[in-house]
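Colleague: I have a model open and want to learn to read it. Can you take me through some features, one by one?

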Amino acid sequence: MTEETVKKQKVVSFTYTILDENQAIQEQSDLPMSYLHGVRNIIPGLEKAMAGKAIGDEFEVTLAPEEAYGERKPNSIQRIPAKRFNNAKRLQPGQAVSIQTRQGQMQGVVVKVGRFNIDVDINHPLAGQTLTFEIEITDIRDASEEETAHGHVHGPGGVEH
């Protein structure tokens, strides 16, 4: 029996820890997340580093901003009407928020809270940083026809339709 490895059209499940340049934990998974390999469902540098790995592999990869969450874009402050937030009165500068845009759901960080508007920086919170990812591959399986057609994973750790 050949060992499954990460390659195009495989559903890969993994756990991760993201560390910043000072080795401070920025994000950590409690449960494995899953993605469809080869269709840009995760950041480019991480997808590249996953290729060829097998179940049980543990590895670390350090990525520059352009291979991770991109460089910070200074023109990415959006002024959003406060009425679009359920909890506008409780928002604080520095707080992470999720906003709906024409391009879909985006994460942002509150920059300024006004009476009628909230200024949100829509750069990814980890944009502009060199990051180290500690990864453990927990499962690899063939993608279903539906997952391949849709370009993403369905079910646990993926998207529910």
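Colleague: Leaving aside its neighbours within four places in sequence, which residues is phenylalanine 133 in contact with?

Modeller: Keep in mind that this is a predicted model. Phenylalanine 133 is in contact with Thr17, Ile18, Ile43, Leu46, Phe59, Glu60, Val61, Leu63 and Tyr69, once neighbours within four places in sequence are set aside.

Colleague: Which residues touch the most other members of the largest nonpolar core?

Modeller: Phe133 is one of them. The others are Phe14, Leu46, Met50, Ile135 and Ile137, in a core of 21 residues.

Colleague: Which elements each supply at least two residues of this core?

Modeller: Strand E1, helix H1 (44-50), strand E4 (58-63) and strand E9 (131-142) do. E9 gives the largest share, 5 residues. Another core lies apart from this one. That second core has 11 residues, including Phe85, Val97, Val110 and Val120.

Colleague: Now the strands. How many bridges join E1 to E2?

Modeller: There are 3 bridges between E1 (residues 10-19) and E2 (residues 25-28). The two strands run antiparallel. For a bridge pair, take isoleucine 18: its partner in E2 is glutamate 27. The hairpin has 5 residues between the strands.

Colleague: What should I look for in phi?

Modeller: Look at the sign. Most residues other than glycine have a negative phi. Glutamine 23 has a positive value, near 65°. This glutamine sits in the loop between E1 and E2.

Colleague: Where is glutamine 9, and what is its phi?

Modeller: Glutamine 9 is in the segment before E1. Its phi is positive, about 70°, although the residue is not a glycine.

Colleague: Why does glutamine 9 count as partly exposed?

Modeller: Because its relative accessibility is 25%. The partly exposed class runs from 20% to 50%.

Colleague: Next, a polar residue in a strand. Is serine 13 buried or exposed?

Modeller: Start with the general idea. In a regular strand, side chains alternate between the two faces of the sheet. Serine 13 is found in E1. Serine 13 is buried, because its relative accessible area is 11% and the cut-off is under 20%.

Colleague: What does the side chain of serine 13 make a polar contact with?

Modeller: The partner is the side chain of serine 34, at 2.6 Å. Beyond neighbours within four places in sequence, serine 13 is in contact with Pro32, Met33, Ser34, Glu136, Ile137, Thr138 and Asp139. Among these contacts, Ile137 is also one of the residues that touch the most other members of the largest core.

Terms used
Residues numbered from 1 in each chain as written. Predicted model: local features only at pLDDT ≥ 70, side-chain atom pairs only at ≥ 80, totals over all residues. Heavy atoms only, no water. Pairing = 2+ DSSP bridges. Helix = DSSP H or I, 4+ residues; strand = E, 2+ residues; numbered from the N terminus. Core = buried A, V, L, I, M, F, W, Y, C linked by side-chain atoms within 4.5 Å. Buried < 20%, exposed > 50% of the residue type's maximum accessible area, 1.4 Å probe, protein only. Contact = heavy atoms within 4.5 Å. Polar contact = N/O pair within 3.5 Å; in protein donor to acceptor, adjacent residues only side chain to side chain.
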